[in-house]
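Trainee: I have a structure open and would like to learn how to read its features. Could you walk me through it?

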Amino acid sequence: MKLRTILVVLMLFAAASTLAAPQATAPSDPKLIDAQGYQKLVEQYRGKAVLITFWATWCEPCRDEFPMLNELAMQYAPQGLHVVGVNLDQDGDLILMRRFIARYKPAFPNYRKKAGGEDSFVQAVLPGWNGAIPASVFYAKDGRQIGHLLGASDRATYEAAIRSLLASNDSAAAAR
């Protein structure tokens with residue numbers, strides 16, 4: 001009798017846990033890129049005004065800027081701005097990165113830097129850059145890098161850079 005009761009309880013527990021399990025699939029992790037992948041990413045956005053921001057979960061100024069960048073991405077998208085994030089967390093911080101993305105629900109695509117090749121990666125992004133974050137790089141529609149922000153920046157600084165980027169694209173189009 002005791003054995004039968006235990007089996008029934010175990011079966012009920014198994015059925016309940018199956019029903020309680022989330023049915024939705026987890027969002028996929030950001031695609032991994034290296035220096036060559038970064039160059040392909042920039043090329044992919046040729047013809048568009050792009051702000052590429054580099055961030056990590058361990059970087060407090062990055063965490064502070066991220067919600068603002070999300071708002072700016074939505075605000076300036078109708079004017080042609082494309083924002084892209086590149087996460088620089090190590091593989092050991094993957095769970096933190098997943099939680100961060102789940103919490104902030106970025107309105108822009110994010111990628112993750114592959115482990116290794118740090119020097120070639122930072123030089124592909126911005127020659128002379130030491131890799132310190134937060135960092136954001138601005139690209140005109142013709143693919144030229146036309147500016148960058150290194151270190152923590154406030155909303156007004158970002159908005160001025162974005163307006164300048166969008167204006168440079170407008171004037172380049174008018175010159176044709």
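**Reading the core and its rings**

Mentor: Gladly. This is a predicted model. Let's begin with the largest nonpolar core, which has 46 residues; Tyr38, Ile52 and Phe54 have the most contacts inside it. Among the elements that give two or more residues to this core are helix H2 (35-44), strand S2 (49-55), helix H3 (60-76) and helix H4 (94-104). H3 gives the most, with seven residues.

Trainee: What is the general idea behind such a core?

Mentor: In soluble globular proteins, nonpolar side chains tend to be buried together. As a case here, isoleucine 52 touches Tyr38, Leu41, Val42, Val84, Val86, Ala135, Ser136, Val137 and Tyr139, leaving aside residues up to four places away in sequence.

Trainee: How should I read a helix such as H4: which of its residues are buried?

Mentor: An α-helix has 3.6 residues a turn, so residues three or four places apart point the same way. In H4, the buried residues include Leu94, Met97 and Phe100. Viewed down the axis of H4, its buried residues fall within an arc of 120°, so they line one face of the helix. Ile95, Arg99 and Arg103, on the other side of H4, are exposed. The cover over the buried residues of H4 includes S2, H3, S3 and strand S4 (110-113). Just after H4, lysine 105 takes a positive phi of about 40°.

Trainee: And the aromatic pairs: how many does a search of the whole structure find?

Mentor: A pair of aromatic rings is described by the distance of the centres and the angle of the planes. The search finds 10 aromatic pairs. One of them joins tyrosine 38 and phenylalanine 54; this pair is tilted, at 5.8 Å centre to centre with 45° between the planes. Tyrosine 38 lies in helix H2 and phenylalanine 54 in strand S2, so the pair ties together parts that are 16 residues apart in sequence. Tyrosine 38 counts as buried because its relative accessibility is 0%.

Another pair, phenylalanine 66 with phenylalanine 100, is edge-to-face: 4.9 Å centre to centre, 75° between the planes. Phe66, Phe100, Trp55, Tyr104 and Phe108 form one aromatic cluster.

Trainee: Where does lysine 113 lie?

Mentor: Lysine 113 lies over the face of phenylalanine 121, at 5.6 Å from the ring centre.

Trainee: Finally, what is the mean pLDDT of the protein chain?

Mentor: The mean is 86, and 80% of the residues reach 70 or more. Over residues 6-10 the pLDDT is below 50, and this stretch has zero contacts in the model beyond near neighbours in sequence. Residues 12-26 also stay under 50, with one contact beyond four places in sequence.

Terms used
Residues numbered from 1 in each chain as written. Heavy atoms only, no water. Core = buried A, V, L, I, M, F, W, Y, C linked by side-chain atoms within 4.5 Å. Buried < 20%, exposed > 50% of the residue type's maximum accessible area, 1.4 Å probe, protein only. Helix = DSSP H or I, 4+ residues; strand = E, 2+ residues; numbered from the N terminus. Contact = heavy atoms within 4.5 Å. Arc of directions from axis to C-beta. pLDDT = per-residue confidence, 0-100. Phe/Tyr/Trp six-rings, centres within 6.5 Å; stacked < 30°, edge-to-face > 60°. Lys NZ or Arg CZ within 6 Å of the ring centre and 35° of its normal.
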